[in-house]
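With the model open in your viewer, please follow the selections below in order, keeping each one displayed until the next is called for.

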Amino acid sequence: MSDKKRILLVEDEENFGSLLQNYLRLSKYEVDWCKDGALGYSAFRNQNYDLCILDVMMPNMDGFTLAEKIRAISDDVPLLFLTAKNLKEDVIKGYKIGADDYLNKPFDIEVLLLKLEVYFSRQSGKKETETLEEYAIGQYTYLPPTRTLLLGKKSTTLSPKEGQLLLLLCQHLNQVMPRELALKSIWKEDSYFTTRSMDVYITKLRKYLSEDPKVSIVNVHSSGYALYTQ
């Protein structure tokens, strides 16, 4: 059985829908593309999806109506709206229905891919948090339940935010931890000030881990941070 994440894409614009489906498949996602809301609803009823990308303006059934029908079946599958309009009323309506996010057309495909990584990392992160009680980081051992960082006989107790941030980095060991994931799960908002705050905590974690030269926290431009061990 494939472990790829499966996405339902509902988009009526032929060229854009085909392009977006191909980009997502190249990024290792399984994608079912439907060209109107009614077909999208039928697909959702017959398949299991990890996330839905819904255009707002579509024939036969608009994105808002489709989202309401999806929410009647599942209240936890992430819903991401695509819209050519940037009207406050539409945004509010979408969030009231149960949207997780919006992207205004035209948008950078890299932004969409990062958002998808955040959603799926959040899901897998919850599972890891429930099951793992310790993480090996080079010569260090991190114990999330007590926020304790061990190096030989040396023990350091981290602050709550330090502990949460190191846990996310551990859950993405040797890969990018999306900046947005940390900001929304720890600071509860993504703003200039919370970003600067997170940078300060990253500096603190680097200091804690500095005694092992094979451990590093790398800033991945425009994406997030990565905890690497050699």
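Begin by selecting Trp187, which is buried in this predicted model, its relative accessible area of 12% falling under the 20% that serves as the cut-off. Add Tyr201, which also counts as buried, at 18% relative accessibility. The two ring centres lie 5.7 Å apart and the planes of Trp187 and Tyr201 stand at 70°, so the pair is edge-to-face. With both side chains shown, the pair can be seen to link distant parts of the chain, since Trp187 belongs to helix H7 and Tyr201 to helix H8, 14 residues apart.

Next, keep those two rings in view and select Leu165. Which residues is Leu165 in contact with, leaving aside its neighbours within four places in sequence? They are Met177, Ala182, Ile186, Trp187, Met198, Tyr201, Ile202 and Leu205, and both rings of the edge-to-face pair are therefore on this list.

Now extend the selection to helix H6, residues 160–171, whose 12 residues reach 17 Å from the first C-alpha to the last, close to the 16 Å expected at 1.5 Å a residue. Nine of the 12 residues of H6 are buried, so the helix is largely enclosed by the rest of the structure. Colouring by accessibility should pick out the buried residues of H6, among them Glu162, Gly163, Cys170 and Gln171, together with Leu165, Leu166, Leu167, Leu168 and Leu169.

From the helix, widen the view to the largest nonpolar core, which has 29 residues and in which Leu165, Leu166 and Leu227 have the most contacts. Elements that each supply at least two residues of this core include strand E6 (135–137), strand E7 (140–143), strand E8 (148–151), helix H7 (179–187), helix H8 (192–208), strand E11 (215–220) and strand E12 (224–229). H6 gives the most to this core, with six residues. A second, separate core of 21 residues can be selected afterwards, and it includes Leu8, Leu66, Ile70 and Ile97.

Stay with Leu66 and select Gly37, which is found in helix H2 (residues 37–46) and is buried, with a relative accessible area of 0%. Not counting residues up to four places away in sequence, Gly37 touches Val10, Met58, Pro59, Met61 and Leu66. A distance label drawn between the C-alpha atoms of Gly37 and Lys4 should read 24 Å, for two residues 33 places apart along the chain.

The aromatic rings come next: a search of the whole structure finds six aromatic pairs. Phe16 and Phe107 form one that is edge-to-face, at 5.8 Å centre to centre and 85° between the planes. Phe16 is in helix H1 (residues 14–26), whereas Phe107 lies in the loop between strand E5 (101–104) and helix H5 (109–131), 91 residues apart. At 22% relative accessibility, Phe16 counts as partly exposed. Then select Phe64, Phe81 and Tyr102, which ring pairs link into a cluster.

Two lysines deserve a look alongside the rings. Lys35 lies over the face of Trp33, at 4.9 Å from the ring centre, while Lys69 lies over the face of Tyr41, at 5.2 Å from the ring centre.

Finish at Thr156, in strand E9 (residues 154–157). Is Thr156 buried or exposed? At 19% relative accessibility, Thr156 counts as buried, and, not counting residues up to four places away in sequence, Thr156 touches Arg147, Thr148, Leu149 and Tyr208.

Methods. Residues are numbered from 1 along each chain as its sequence is written. This is a predicted model: local features need pLDDT of at least 70, side-chain atom pairs count only at pLDDT 80 or more; totals for chains, interfaces and linings use all residues. Side-chain values use heavy atoms; hydrogens and water are left out. Helices (H or I, at least four residues) and strands (E, at least two) are DSSP runs, numbered from the N terminus. The expected span of a helix is 1.5 Å times one less than its number of residues. Buried means under 20% relative accessible area, exposed over 50%, partly exposed in between (1.4 Å probe, protein chains only). A nonpolar core is a set of buried Ala, Val, Leu, Ile, Met, Phe, Trp, Tyr and Cys residues joined through side-chain atoms within 4.5 Å. Contact means heavy atoms within 4.5 Å. Rings of Phe, Tyr and Trp (its six-membered ring) pair if their centres lie within 6.5 Å; planes under 30 degrees apart count as stacked, over 60 as edge-to-face and the rest as tilted. A charge sits over a ring if NZ of Lys or CZ of Arg is within 6 Å of the ring centre and within 35 degrees of the ring normal.
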